[in-house]
Amino acid sequence: MGIDLGTANTLVYVSGKGIVLQEPSVVAIDVNEKVALAVGEEAKKMLGRTPGNVIALRPLRDGVIADFDTAELMLKSFIQRVNEGRSLILPRIVIGIPSGVTGVERRAVMDAATQAGAREVYLIDEPVAAAIGAGLPVAEPTGNMIIDIGGGTTEVAVLSLQGTVISESVRIAGDELTEAIIIYMKKVHNLVIGERTAEDIKIRIGSAYPTNDDGDAMMEVRGLHLLSGLPRTVTIKGPEIRESMLEPLSVIIEAVKRTLERTPPELAADIIDRGIMLAGGGALLKGIDTLISHETGIVTHIAADPLSCVVLGTGRVLENFKQLERVFSGRSRNM
């Protein structure tokens, strides 16, 4: 079983079946009973809409486990769902994690998976998994550059011969772009909006680079007006949302440039020939490939299925375990 344990979404791949589960990484908990009421899509609908005795929360922040018990609950629930309620001894789980996490954070992921029922846990760095899932030839002696923009982290890596030559992980990604929109709406329009509304704005009219039909992108947003304290509707335009996201986007661009500066010349030449590959949910932001191409001067491609790259990568590693054994960054045996 391969798992992409993401800040925003968790995906599960089962050998021979493919991707069997794709759910938001959200858990709704009854505070009094200390039990999970809902996990995944059902729990996401409750975000910002729960009564006092129920909290809907995301157990992962910035790509790592922020709430261990809730993360374990979530993993257990997803694993049971995949097994259709049957109690199976799981032979092997491969989990994609950000490359910049500490030893303690790695241990937490391993422990959560072991507690959730795994017999063997292997960890793989997300950029490596994303590159394998995007179909890059990571086993060959050529330079491959991947940018994986997730919910909590952006991973930039140069890979060659099944290994990471250079990588950088910044804890600025989709969540920070959403947060930037919330701050902008409060500052400019005096409107308080929730996380779900901000994400909706980002998906519908957000962009990273100006396009011809940019000025036409408009959207009505409902929220709480700060001055009157009453609900109000405001019309916003695409260019102002792009402007609100400038700061987090520039941090991502800087990380890409820093990685390119540190790349050995032979591999840099390969990257210029082959281009840069974009994966992760952040790759779906309109114009982000154009922005990276413009800033680096290197052609940037978006993976065929950017959201599934990491989980597909873990699945390919599972199915070619002996050939790709060198890609693991950590393992635990729990016999």
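**Figure 1. F78 in helix α2 of the predicted model.** Let us begin with F78, which is found in helix α2 of a predicted model. With a relative accessible area of 1%, F78 is buried, because a residue counts as buried under 20%. Which residues does F78 contact, once its neighbours within four places in sequence are set aside? They are T10, L21, E23, P24, V39 and G40. For a sense of distance, pick out A173 as well: F78 and A173 are 95 residues apart in sequence, and their C-alpha atoms lie 25 Å apart in space.

**Figure 2. T70, another residue of helix α2.** Here the view moves to T70, which also belongs to helix α2. Is T70 buried or exposed? Its relative accessibility is 4%, so T70 counts as buried. Leaving out neighbours within four places in sequence, T70 is in contact with V27, I29, L57 and P59.

**Figure 3. Helix α2 crossing helix α3.** Helix α2 covers residues 68-82, and helix α3 covers residues 103-115. Their axes come within 8 Å and cross at roughly 45°. That angle makes α2 oblique to α3. The crossing of α2 past α3 is right-handed. On the α2 side, the contact is made by F68, E72, L75 and K76. On the α3 side, look for A108, D111, A112, A113 and Q115. Sorted by class, the residues of this contact are five nonpolar, one polar and three charged.

**Figure 4. The buried side of helix α6.** Find helix α6 at residues 195-205, then locate its buried residues A198, I201, K202 and I205. Why do these four sit on the same side of α6? They cover an arc of only 110° around the axis, and this puts them on the same side of the helix. What do the buried residues of α6 pack against? Their partners are α5 (174-189), β15 (218-225), β16 (231-237) and α7 (238-244). Turn to the face of α6 directed away from its buried side, and you will meet the exposed residues I203 and R204.

**Figure 5. Two positive phi values between β12 and β13.** This view shows L161 in the loop between β12 (154-160) and β13 (163-170). Q162 is found in the loop between β12 and β13 too. Most residues other than glycine have a negative phi. L161, however, has a phi near 50°, a positive value in a residue other than glycine. Q162 also has a positive phi, near 65°, and is likewise a residue other than glycine. As for accessibility, L161 is partly exposed, with a relative accessible area of 44%. Q162, by contrast, is buried, with a relative accessible area of 11%.

**Figure 6. Helix α8 packed with helix α10.** Helix α8 (residues 246-261) and helix α10 (residues 288-296) pack at an angle of about 45°. Their axes are 11 Å apart. This angle makes α8 oblique to α10, and the crossing of the two helices is right-handed. Where α8 and α10 meet, α8 brings L249, I253, V256, K257 and L260. From α10 come I288, L291, I292, E295 and T296. By class, the contact of α8 with α10 has seven nonpolar, one polar and two charged residues.

**Figure 7. H301 in strand β18.** Strand β18 spans residues 300-302, and H301 lies in it. How accessible is H301? Its relative accessible area is 34%, so H301 is partly exposed. Not counting residues up to four places away in sequence, H301 touches R274, G275, I276, M277 and L278. You can also find A279, 22 residues from H301 along the chain, with a separation of 9.1 Å between the two C-alpha atoms.

**Figure 8. Helix α11, a mostly covered helix.** The last view shows helix α11, made up of residues 309-319. How many of its 11 residues are buried? Eight of them are, and α11 is therefore mostly covered. To trace the buried residues of α11 yourself, look for C309, V310, V311 and G313, and then for T314, G315, V317 and L318.

How values were computed
Residues numbered from 1 in each chain as written. Predicted model: local features only at pLDDT ≥ 70, side-chain atom pairs only at ≥ 80, totals over all residues. Heavy atoms only, no water. Buried < 20%, exposed > 50% of the residue type's maximum accessible area, 1.4 Å probe, protein only. Arc of directions from axis to C-beta. Contact = heavy atoms within 4.5 Å. Axes fitted to C-alpha atoms, helices over the stretch in contact; angles between N-to-C directions. Parallel < 35°, antiparallel > 145°, perpendicular 65-115°, else oblique. Left-handed = near helix turned anticlockwise from the far one by under 90°. Nonpolar A, V, L, I, M, F, W, Y, C, P; charged D, E, K, R; others polar.
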